[in-house]
Amino acid sequence: MLLNQHLVEAFVSQAIVYGDYEADDAIYIQNQLLRMLNAKGIDTSSASPLSQDVTANDIAQHWIAQAIEAQCIDDALYMKEIVEAQILDLITPRPSTLNRKFKDAYQQSPQAATDYFYDIAKRNHYVKEDAIANNINYEVATEYGDIEITINLSNPEKDAKQIAAAKAAPATDYPMCALCLENEGFKGSVTQAARTNHRVVRLNLGDQTWGFQYSPYAYFPEHSIVLSEQHTSMQINKQTFINLLDFIEQFPHYFIGSNADIPLVGGSILSHNHYQSGKHIFPMDNAAEIERFRIKAFPDIQASTLNWPMSVIRLKGKDREILINAATHVMNTWNAYSDDAVHIKAYSDEGERHHTVTPIARYRADNYELDIVLRDNQTSDTYPDGIFHPHKDVQHIKKENIGLIEVMGTAILPGRLKDELQQVKAYLLGKRDIDLGQHQTWADEMAQVHEFDQHNVDEIVDKAVGDKFKRVLEDAGVFKNTEQGQQAFKRFIDSL
Ligand SMILES: [Zn+2]
């Protein structure tokens with residue numbers, strides 16, 4: 001296999017503009033490309049197979065397809081990703097350069113710094129905009145305001161060969177996990193993501209070093225991860241509020257939040273302490289305040305409950321120290337709070353902790369805001385998956401843990417739903433011989449209350465998915481939006 005000279009020249013010029021290279025590095029870069037692609041030399045006789053304004057990523061994709069065709073690299077997803085990350089590393093500044101330029105840009109503004117970093121992450125295909133564009137997104141109006149639905153179709157499917165190879169691969173503990181800083185520049189393997197082109201900005205939060213990186217398969221604009229330098233488990237405590245507000249003070253144009261630190265009510269990774277941030281207004285941000293109150297010991301902090309399916313206390317203030325102490329007080333009170341009347345229990349009989357919070361921080365209208373979402377991870381005989389977890393009758397839409405992003409009103413739903421909902425729609429339009437499996441009861445219920453035709457089926461089913469997600473969030477709420485639930489919420493607030 002030979003690499004087209006015009007493409008090599010186009011790629012090299014981008015490596016010089018965007019990477020850490022100069023004109024004298026051209027031959028060196030060319031030889032790196034030959035090595036990565038197992039190519040034999042340069043084709044100087046053919047015209048360019050791609051258009052003039054081609055990006056480095058376009059060229060990389062072209063070469064990878066060519067190399068697979070020529071059997072120079074294995075036709076396996078993980079191998080393509082490793083080669084892609086290595087090639088696009090050449091147009092990416094070294095970590096030290098990137099960190100220095102990020103700091104320089106920050107002198108101009110926090111947004112200039114994040115724009116600088118985000119542009120690099122998109123350009124070197126670490127953030128996979130093309131894959132993210134496959135997601136299905138829409139909004140549904142509810143009594144809590146508009147909620148957001150995303151059917152996640154961005155993650156590439158692993159083929160059977162790769163799944164088998166991953167099973168056979170020996171266990172490894174380097175990097176310790178997918179969030180560890182040791183992933184920066186890591187080659188990857190059949191079980192570990194290709195990260196040669198991955199970069200992490202170092203931040204100081206709570207007098208400790210934290211990493212800041214973008215998420216390859218973003219769920220919202222500039223979806224980023226803030227991670228502990230150490231591989232230590234998720235923890236929600238006073239230090240969390242300090243770190244979140246340190247971040248917001250440095251990047252007031254972003255929100256930041258954390259998943260919970262106990263099983264069932266948080267995200268999928270409990271083993272490495274991390275937060276999620278980004279530039280997005282979530283449905284919960286816009287939730288109306290329903291009851292304003294003051295916490296006795298913190299008269300300067302405005303507190304309120306929200307018109308929201310989950311139980312949230314919003315705290316606002318100008319003084320960070322006081323806000324952190326008020327949030328810590330709410331969290332500590334909740335972590336020790338039980339109310340038999342509404343099945344809320346802080347500790348199991350064996351002393352295991354059931355309570356934690358999902359915290360979210362933002363800066364708005366000259367105030368720091370902390371939303372503290374109350375969580376309880378008990379199970380029972382009636383609800384073996386979790387009392388405050390999606391119940392059986394809504395699990396056909398969502399059965400996973402309700403983490404930070406869902407809490408804020410953005411449903412990330414499994415990709416399987418794309419085809420399954422098409423089946424549901426076909427059924428509702430009269431193809432009654434389809435077996436809808438777990439969606440059958442739901443479809444039959446809809447068929448009873450609506451007359452379906454080609455024009456209304458999408459709208460009605462999309463809305464019904466939104467209503468199911470609303471129920472998912474209501475299931476996860478500890479104080480229900482009923483008279484009994486709201487009285488119980490009031491008792492908790494009075495205890496503050
Ligand atoms: Zn880790």
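Where is the place of Lys318 in this structure? In the predicted model, Lys318 falls in the loop between strand 12 (312-317) and helix 10 (320-335). Because its relative accessibility is 60%, Lys318 counts as exposed. When its neighbours within four places in sequence are set aside, the contacts of Lys318 are Asp366, Asn367 and Tyr368. With Asp366 there is a polar approach: a polar atom of the Lys318 side chain lies 3.2 Å from the backbone oxygen of Asp366. Tyr363 is 45 residues from Lys318 along the chain, and the C-alpha atoms of these two residues are separated by 9.7 Å.

Helix 10, which follows the loop of Lys318, also enters into the description of the nonpolar interior. The largest nonpolar core comprises 61 residues, of which Phe212, Phe247, Leu315 and Phe479 touch the most other members. Helix 10 supplies the largest share of this core, with seven residues. Apart from this core lies another, of 47 residues, including Phe220, Ala287, Ala411 and Phe469. In general, nonpolar side chains of soluble globular proteins tend to be buried together. The surroundings of Phe479 were examined further, without residues up to four places away in sequence: Phe479 touches Ser311, Trp334, Tyr337, Val342, Ile344, Leu374, Gly485, Gln486, Ala488, Phe489 and Phe492.

A zinc ion is coordinated by two cysteines and two histidines, through SG of Cys177 and Cys180 and ND1 of His231 and His272, at 2.1 to 2.3 Å. The angles among the four donor atoms span 103 to 124°, and the site is tetrahedral. For comparison, the ideal angle for four tetrahedral donors is 109.5 degrees. Along the chain, the donors follow the spacing C-x2-C-x50-H-x40-H. Cys180 belongs to the loop between helix 8 (160-168) and strand 5 (201-205), whereas His272 belongs to the loop between strand 8 (255-257) and strand 9 (274-278); the pair therefore ties together parts that are 92 residues apart in sequence. Cys180 and His272 are both buried.

Strand 5, which bounds the loop of Cys180, shows an alternation of its side chains. Val201, Leu203 and Leu205 are buried and point to one face, while Arg202 and Asn204 point to the other and are not buried. Strand 5 pairs with strand 6 (residues 208-214) in the antiparallel sense, over five bridges. Within this pairing, Arg202 is opposite Gly211 of strand 6. The two strands form a hairpin with two residues between them, and Gly206 in the turn has a positive phi of about 55°.

Methods. Residues are numbered from 1 along each chain as its sequence is written. This is a predicted model: local features need pLDDT of at least 70, side-chain atom pairs count only at pLDDT 80 or more; totals for chains, interfaces and linings use all residues. Side-chain values use heavy atoms; hydrogens and water are left out. Donors are N, O and S atoms within 2.8 Å of the metal (3.2 Å for Na, K and Ca); water is not among the atoms, so sites may look incomplete. Four donors count as tetrahedral if all angles lie between 85 and 135 degrees; four count as square planar and six as octahedral if opposite donors are over 155 degrees apart and all others between 65 and 115; anything else is irregular. Helices (H or I, at least four residues) and strands (E, at least two) are DSSP runs, numbered from the N terminus. Buried means under 20% relative accessible area, exposed over 50%, partly exposed in between (1.4 Å probe, protein chains only). Two strands pair if DSSP finds at least two bridges between them. Contact means heavy atoms within 4.5 Å. A polar contact is a pair of N or O atoms within 3.5 Å; within protein, one must be able to donate a hydrogen and the other to accept it, and residues adjacent in sequence count only if both atoms are side-chain atoms. A nonpolar core is a set of buried Ala, Val, Leu, Ile, Met, Phe, Trp, Tyr and Cys residues joined through side-chain atoms within 4.5 Å.
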